Amino acid sequence: MAEVAVFGAITLVDKLSLWLVESWFDFKRIEIEIEELRKWLNTIKVYLEDTEGREDTEGLKLRSYVRDLAFEIQDVIEDLMYEATERPRHLRQAIKFIYASMFCPSKRFSSRMKAIKCKIRSIDALCICPPHVRTVRSSSNLFLGDEHHVGIEKHIKPLLSLVCLEDSSDKVISVIGDAGSGKTTLISEVYHILNSNFNCKAWVSVSRSSDGLLEKLCEALELPHKINKLRSCLQHKRYLLVLDDIWNENEWNWIKNVLPSNNTGSRIIITTRKRSLGSYCASSSHYIYDLNLHPLTCEEAWELFCDKAFQDGKCPDFLVDWSVKIVKRCEGLPHAIVTIGKFLSNKQQSMMEFRKVHDSLQYEPDNPFSHSFYRILWPSYYRLPPNLKSCFLYFGLFPEDYSIKCGRIIRLWVAEGFIEQKRGKTLEQVAYEYLDELIQMSLVQVSRWYLDGQVRSCRVSNLVRGFILSETMKDNFFTVVSRQHTSLGGEKIRRLSLHNCSPSILQSKDLSYLRTFSLFGGDNRIESFPRSFFRKVRLLTVLDLENSALHHFPEEAVKLNLLTYLSLRNTKIDSVPKSIKKLQNLIILDLKETLVTIFPMEIVKLHKLLFLFVGGRGTYQAAVGAQVSSGIGCLTMLEKLSLIKANNKNQSIVKELGNLIHMRELGITELKVEDGKNLCASIEKMEHLCSLYVNSASKEEYLDLNYVTNSPQLINSLILGGRLEEIPAWIGKLNSLSKIQLKWSKLQSSPLEALQALPSLKELHLYDAYTGTVMEFSAECFSELKMLEIEQCNRLNKVVIQERALPKLQKLTIKKCDSLVMVHITKNFLSQLEEVLVPQDLISMIKG
């Protein structure tokens with residue numbers, strides 16, 4: 001956690017430097033101190049990376065000392081920024097305020113920096129002593145030869161078939177699985193079965209780095225520690241080599257270059273938690289065995305638990321309920337089930353004891369049997385760089401079993417400053433790379449996917465969340481308060497999440513160091529907040545009140561000068577105050593699914609905004625945007641803007657949108673036919689546009705979008721609501737388009753001809769989009785389509801899907817088409833579908 005704290009301090013120092021350049025205050029006197037601070041933080045960051053895993057008492061003290069000092073540095077910087085950005089409420093205070101702002105904050109900063117420098121010197125003195133470094137190794141090798149796990153049998157045969165495949169060429173087989181999924185146990189079983197099939201065998205547990213790999217490999221083969229001896233020994237032999245727990249491509253490349261390629265039918269089996277690495281190492285996708293695709297069944301998990309927890313392998317009736325709950329919490333991980341089962345086998349078999357174990361798993365993440373499971377997570381965690389550690393730990397702020405929409409967690413990471421800027425990429429793009437890395441490391445699970453393969457929502461398992469809580473309990477990264485556990489502890493609270501309890505419990509707490517506040521469930525009305533809450537949290541940067549019972553905008557929040565993230569999504573607020581302009585550091589404002597329909601003109605003063613979300617659902621589930629004033633084009637940093645109305649009283653704002661050249665997602669409603677030309681001109685300037693949502697002023701209003709000549713080629717989602725004379729020609733050239741929805745289009749000619757050749761199209765939604773009587777899908781059309789929905793095409797009486805049409809379709813929906821009498825499909829096509837929502841009496845089979 002020291003690295004995480006230092007990374008946060010470095011981010012703030014960089015932010016402060018930028019802020020000083022932009023501000024009108026004269027702070028030249030502290031620029032030298034800031035630069036000295038930056039150099040020291042970067043130096044100590046490298047030192048911490050080099051000494052990671054140091055276990056001696058002095059090493060632990062040092063890291064704790066560095067963490068606390070990094071937090072103190074953050075406090076000093078944010079105090080400075082807050083005080084210097086305060087504005088006078090009355091003109092008569094202006095002269096006094098300007099003088100105080102120019103001299104007092106910098107004077108206080110310098111004074112506090114002197115104290116920090118003294119602490120830095122004491123840390124530097126400690127760092128002179130050479131540390132005793134311990135390399136953090138995967139603990140999976142600790143379980144080699146452990147008792148046979150129930151459920152392993154079903155994996156042995158398919159894995160053996162890959163190893164023993166009759167092929168004289170050498171093959172590399174990757175076994176992928178989460179921590180504790182049983183990779184090592186499975187490989188151990190296969191390894192011992194293959195005694196007579198190879199001339200020689202070797203098992204190597206790969207360490208955190210490639211140092212010493214040659215020695216390990218040679219020791220396993222009983223050879224001298226020389227590469228040429230190793231190659232000559234293996235040159236004409238059929239060998240089996242197991243490399244357990246590989247972590248990076250460099251390790252594999254080193255091993256691959258050392259071993260001879262002799263085409264004698266040799267086999268190398270590697271195990272890894274990283275899916276991308278497994279694909280990289282394997283000879284082909286055919287040689288990847290993913291244990292996550294074949295988890296323990298409920299029956300196998302129960303059998304394994306009973307085998308470990310009870311001497312006779314049978315659970316007494318009076319313990320069944322609590323045993324089931326315990327097994328459920330293990331979420332099919334064999335190692336977790338075995339660890340807890342063994343622990344319970346040595347305990348008194350009573351309901352009270354089993355309940356105590358279950359509750360401690362949920363509310364006491366640092367209990368002894370959880371600690372055993374966490375050992376296998378430590379290598380994954382310690383391999384993460386500091387910013388990724390912060391992103392991973394952040395999942396602990398959410399409740400147990402909570403599935404988080406990716407957009408939400410990404411925006412929070414950006415607002416927190418966890419994401420480093422990379423040339424040519426937005427912060428959001430880099431954040432998605434971070435999320436993918438955590439998924440590849442098997443630390444984060446995907447809950448739902450979009451049809452185009454993008455992650456829609458994700459979560460961490462109960463036991464991984466326990467690991468996160470155990471880490472943060474030690475290092476104060478965040479604090480979670482729930483109905484069952486209401487202690488806030490004695491440390492300075494920096495991030496706070498309330499779960500199913502009232503904010504009133506904060507009445508007497510010191511919240512002056514709070515940076516992040518979120519609320520989930522419970523009594524989450526604004527009336528429940530202590531009156532002094534917003535005065536106490538003046539340094540707050542993230543305020544997440546999504547889904548809370550708010551009926552009015554919390555106006556006290558506009559005094560939070562450093563706020564970067566404000567989410568009131570899915571609340572009942574219906575207006576935004578003019579004082580919103582005070583939030584000059586705001587980069588994310590989320591008012592989606594609220595009752596807000598008008599933005600004050602002051603919204604255009606928030607020049608740092610990256611994401612601005614608003615809008616809800618009206619009659620017939622139609623999208624309702626919010627009215628914005630002219631001047632919206634001044635928000636030139638905006639990347640996402642949705643949903644806004646195209647017209648402000650009698651004035652159109654679509655022409656101004658052309659200034660927003662960084663736009664990636666745009667949603668606009670109530671477009672009039674005469675606005676079409678200006679909207680097309682604006683769209684052409686948005687080279688990075690990925691998502692476009694356009695609704696006309698009414699169902700009968702035409703969308704005139706035929707003026708785009710150079711369309712943004714990154715558009716992957718397009719939703720058009722309104723009458724169309726024809727589908728604009730530029731849409732048929734969107735090679736990246738993955739989803740298109742046409743609503744109320746009432747096209748006289750079939751839309752299929754214009755869309756069927758789109759190479760990336762996965763979803764097609766046609767809602768009152770066609771007034772013809774026949775819709776025919778010809779052979780080879782829509783080669784990538786996975787979802788097709790046809791709804792309320794009321795003149796349609798026949799749908800024909802020819803043989804070899806829609807070869808990858810998974811879901812077919814045809815409903816509320818009043819005149820429909822026949823849906824012609826082939827038997828083969830019907831068998832490929834995973835979901836069919838079509839009246840059975842309308843389906844007619846055609847030959848194919």
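Reader: Does α5 pass α6 in a left-handed or right-handed crossing?
Author: Heads-up: this is a predicted model, where local features need pLDDT of at least 70 and side-chain atom pairs 80 or more, while totals for chains, interfaces and linings use all residues. Residues count from 1 along each chain as its sequence is written, and side-chain values use heavy atoms, without hydrogens or water. With α5 as the near helix, clockwise from the far one by less than a right angle is right-handed, anticlockwise left-handed. Here the crossing is right-handed.

Reader: At what angle do α5 and α6 pack?
Author: Take helix α5 (residues 153–163) and helix α6 (residues 183–193), whose axes are 10 Å apart. The two pack at an angle of about 55 degrees.

Reader: Which residues of strand β25 are buried?
Author: The side chains of β25 (residues 774–777) alternate. Val774 and Glu776 point to one face and are not buried (buried is under 20% relative accessible area, exposed over 50%, partly exposed in between). Pointing to the other face, and buried, are Met775 and Phe777.

Reader: What is the bridge partner of methionine 775 in β27?
Author: β25 runs parallel to strand β27 (residues 798–801), paired over four bridges (at least two count as pairing). Within β27, methionine 775 has as its partner valine 799.

Reader: Where is lysine 816?
Author: Lysine 816 isn't a glycine, yet its phi is positive, about 55 degrees. Its relative accessible area is 52%, so lysine 816 is exposed. You'll find it in the loop between β28 (811–815) and β29 (822–826).

How values were computed. Buried means under 20% relative accessible area, exposed over 50%, partly exposed in between (1.4 Å probe, protein chains only). Axes are lines fitted to C-alpha atoms, for helices over the stretch in contact, and angles run from 0 to 180 degrees between N-to-C directions.
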